[in-house]
Amino acid sequence: VLVGHSLGGYLSLAYAILHPDEVAGLVMVAGGPGFRNPDSLAQWNVGIDAMTAKRPELPDAVGEISKHVDSMVMDRLGEITAPVAVLVGERDKQFVASAAVFRKYLNVVDEVVVPDMGHMVHAKAPDMVAAAVQAVIAATA
């Protein structure tokens with residue numbers, strides 16, 4: 001069972017697409033499927049550049065690994081058959097929208113929108129993350 005926050009969630013989806021026999025389940029914590037629309041992808045990458053410019057202490061590689069270069073994950077979401085739990089903070093609007101995409105394409109067995117939380121929901125509501133992991137494990141049994 002792969003658990004990923006933000007970029008880690010995206011990478012977990014990619015891994016599940018490329019190695020389906022190795023993934024029993026996924027827990028998406030404030031993660032997204034990437035972008036199919038080239039303008040949205042470019043806007044994301046501009047945002048990453050802006051974020052890393054404000055954080056000079058971060059290694060250059062942080063920005064580069066956070067950028068999206070294609071729509072592979074978004075295009076192939078329907079190939080993922082493993083059970084999925086989705087957690088997102090109520091105030092994390094971009095990733096709240098991703099939850100709707102997951103409901104459409106994935107086998108979502110648990111979905112939690114954590115009230116009054118933002119993107120760092122895993123740090124502020126770890127018990128809810130643990131419950132989501134347990135839900136996915138139960139769905140794989």
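**Exercise 1. Find the accessible surface of the protein in this predicted model, and the share that belongs to carbon and sulfur atoms.**

Solution. Start with the total: the accessible surface comes to about 7600 Å². Next, split it by atom type: carbon and sulfur atoms account for 57% of that area. Then turn to the residues: of the 141 in the protein, 38% are buried, where buried means under 20% relative accessible area.

**Exercise 2. Check the radius of gyration of the protein against that of a compact globule.**

Solution. First take the rule, 2.2 Å times the number of residues to the power 0.38. For 141 residues it puts a compact globule near 14 Å. The protein has 15 Å, so the two agree. To add the extents, the C-alpha trace spans about 45 × 30 × 25 Å along its principal axes.

**Exercise 3. Work out which elements supply the largest nonpolar core, and which of them gives the most.**

Solution. Begin with the elements: the protein has seven helices and four strands, in the order β-α-β-α-α-α-β-α-β-α-α from the N terminus. The largest nonpolar core holds 18 residues, and Leu13, Leu26, Val73, Leu77, Ile80 and Leu106 have the most contacts inside it. At least two residues of this core come from each of helix 1 (7-18), strand 2 (26-29), helix 4 (72-76), strand 3 (83-89) and helix 5 (93-105). Helix 1 gives the most, with five residues. Now zoom in on Leu77: leaving out residues up to four places away in sequence, Leu77 touches Leu13, Ile17, Pro33, Val101, Tyr105 and Leu106.

Terms used:
Residues are numbered from 1 along each chain as its sequence is written. This is a predicted model: local features need pLDDT of at least 70, side-chain atom pairs count only at pLDDT 80 or more; totals for chains, interfaces and linings use all residues. Side-chain values use heavy atoms; hydrogens and water are left out. Buried means under 20% relative accessible area, exposed over 50%, partly exposed in between (1.4 Å probe, protein chains only). Accessible areas come from the Shrake-Rupley method with a 1.4 Å probe; for residues, only the protein chains shown count as cover. A nonpolar core is a set of buried Ala, Val, Leu, Ile, Met, Phe, Trp, Tyr and Cys residues joined through side-chain atoms within 4.5 Å. Contact means heavy atoms within 4.5 Å.
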